[in-house]
Amino acid sequence: MAALNILYEDPHILVCVKPHGIATQSKSIRYPDMVSLIKNHLAKSSGSRNPGSAEPYLAVIHRLDQPVAGILVFAKTPAAAKDLNKQLQNQGFGKYYRALVANTPSTKEGTLENYMVKDARTNTSRICSAKEKGSKIARLHYDTVPVTDWLFTAPAAFHGTELEIHLDTGRHHQIRVQLASVGCPIVGDTKYNQELSDTTGWQTIRLCAYKLDFKHPITHKTMHFQLANDPV
């Protein structure tokens, strides 16, 4: 059972770090996911671990892909969930990512804007034309991170850079697809990095949701969380 890394908890919300390789929420009971880990924690904290006890309330506000690590906030009450979801829908969340990428973008900072479509059969997404059925606009901003401020430890003989990314939209695999489309695939991404397409076995993708800002759903105080290192 994976250990739970809690950054903040009160009666209304819980903020924690999702490691690489653990799903935010999964239908499988074979492996732990963040929801089951947190519910076990809540049940233990309340002393209600008996089989007949009611399951603790927990609302998933936003998700991260299973290979991706980073900060997540969960709601512990319906009122908190309603407020946080409203913030998310109105772009009240500040979600920032770091990605270690092969190669270097043509400009130090910039905006990537494409239309994307998801293929549910293969659980992949791709860039497409605006006219394609199911296409949705995808937009992100990136900035190059000085090597002295890198979140990740680069592999030996690495030739690339680390980027800070802020999403305007939240499409399926958006960061991974858009960075690969400009020749800067994320290190360890076996789905969208062509050099790793024949790789077998687990690869840790160097993508992390390292910073999160939002308003507390009850007190409305500004909440800020940031990781200093990749949570390997």
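This briefing covers empty spaces, aromatic rings and a few single residues in one structure. The model is predicted. Its largest pocket has a volume of about 340 Å³. A search of the whole structure also finds one cavity of 30 Å³ or more. Four aromatic pairs are present. Two non-glycine residues, N103 and H173, have a positive phi.

**The largest pocket**

- Rolling a probe the size of a water molecule over the atoms reveals where empty space remains.
- The largest pocket takes up about 340 Å³. It is lined by 15 residues, and R63, D65, Y97, R171 and H173 are the closest to its centre.
- Two elements each supply at least two lining residues: strand 5, residues 94-102, and helix 3, residues 174-181.
- Helix 3 gives the most to this lining, with three residues.
- By class, the pocket lining has six nonpolar, four polar and five charged residues.

**The largest cavity**

- The search turns up one cavity of 30 Å³ or more. The largest cavity holds about 60 Å³ of space.
- Its lining is made of H62, R63, L64, I71, K95, Y97, A209, K211 and L212.
- Strand 5 and strand 10 are the elements that give two or more residues to this lining. Strand 10 has the largest share, three residues.
- The cavity lining counts five nonpolar residues, one polar residue and three charged residues.
- R63 and Y97 appear in the cavity lining, and R63 and Y97 are also among the residues closest to the centre of the largest pocket.

**Aromatic pairs and the cluster**

- A pair of aromatic rings is described by the distance of the centres and the angle of the planes.
- The structure holds four such pairs. In one of them, W150 and F158, the ring centres are 6.2 Å apart and the planes stand at 80 degrees, so the pair is edge-to-face.
- W150 is buried, because its relative accessible area is 18%. F158 is partly exposed, at 22% relative accessibility.
- F214 and F225 also pair. Their ring centres lie 6.1 Å apart and their planes are at 25 degrees, so this pair is stacked.
- That pair links distant parts of the chain, with F214 in strand 10 and F225 in strand 11, residues 222-226. The two are eleven residues apart.
- F214 is buried, with a relative accessible area of 3%. F225 is buried as well, at 10% relative accessibility.
- F214 and F225 join Y8 and F93 in one aromatic cluster.

**Charges over rings**

- R98 lies over the face of Y210, 4.4 Å from the ring centre.
- K211 places its charged end over the ring of Y96, 4.5 Å from the centre. K211 also lines the largest cavity.

**Positive phi**

- Most residues other than glycine have a negative phi.
- N103 is not a glycine, yet its phi is positive, about 70 degrees. N103 sits in the loop between strand 5 and strand 6, residues 109-119.
- N103 counts as partly exposed, because its relative accessibility is 42%.
- H173 is not a glycine either, and its phi is about 55 degrees. H173 lies in the loop between strand 9, residues 160-167, and helix 3.
- H173 is buried, because its relative accessible area is 6% and the cut-off for buried is under 20%. H173 is also one of the residues closest to the centre of the largest pocket.

**G94 and E195**

- G94 is found in strand 5. G94 is buried, with a relative accessible area of 11%.
- Leaving aside residues up to four places away in sequence, G94 touches H166, K211, L212 and D213.
- G94 and V187 are 93 residues apart in sequence. Their C-alpha atoms are 24 Å apart in space.
- E195 is in the loop between helix 3 and strand 10, residues 207-215. E195 is exposed, because its relative accessible area is 75% and the cut-off for exposed is over 50%.
- E195 and P185 are ten residues apart along the chain, with 9.2 Å between their C-alpha atoms.

Methods: Residues are numbered from 1 along each chain as its sequence is written. This is a predicted model: local features need pLDDT of at least 70, side-chain atom pairs count only at pLDDT 80 or more; totals for chains, interfaces and linings use all residues. Side-chain values use heavy atoms; hydrogens and water are left out. On a 1 Å grid over the protein atoms alone, a cavity is a set of points where a 1.4 Å probe fits but cannot get out, and a pocket is an open set with protein on both sides within 12 Å along at least five of seven lines; lining residues have an atom within 4 Å of a point. Grid points are joined across faces, edges and corners, and a volume is the space filled by probe spheres set on the points. Helices (H or I, at least four residues) and strands (E, at least two) are DSSP runs, numbered from the N terminus. Ala, Val, Leu, Ile, Met, Phe, Trp, Tyr, Cys and Pro count as nonpolar, Asp, Glu, Lys and Arg as charged, and the others, Gly among them, as polar. Buried means under 20% relative accessible area, exposed over 50%, partly exposed in between (1.4 Å probe, protein chains only). Contact means heavy atoms within 4.5 Å. Rings of Phe, Tyr and Trp (its six-membered ring) pair if their centres lie within 6.5 Å; planes under 30 degrees apart count as stacked, over 60 as edge-to-face and the rest as tilted. A charge sits over a ring if NZ of Lys or CZ of Arg is within 6 Å of the ring centre and within 35 degrees of the ring normal.
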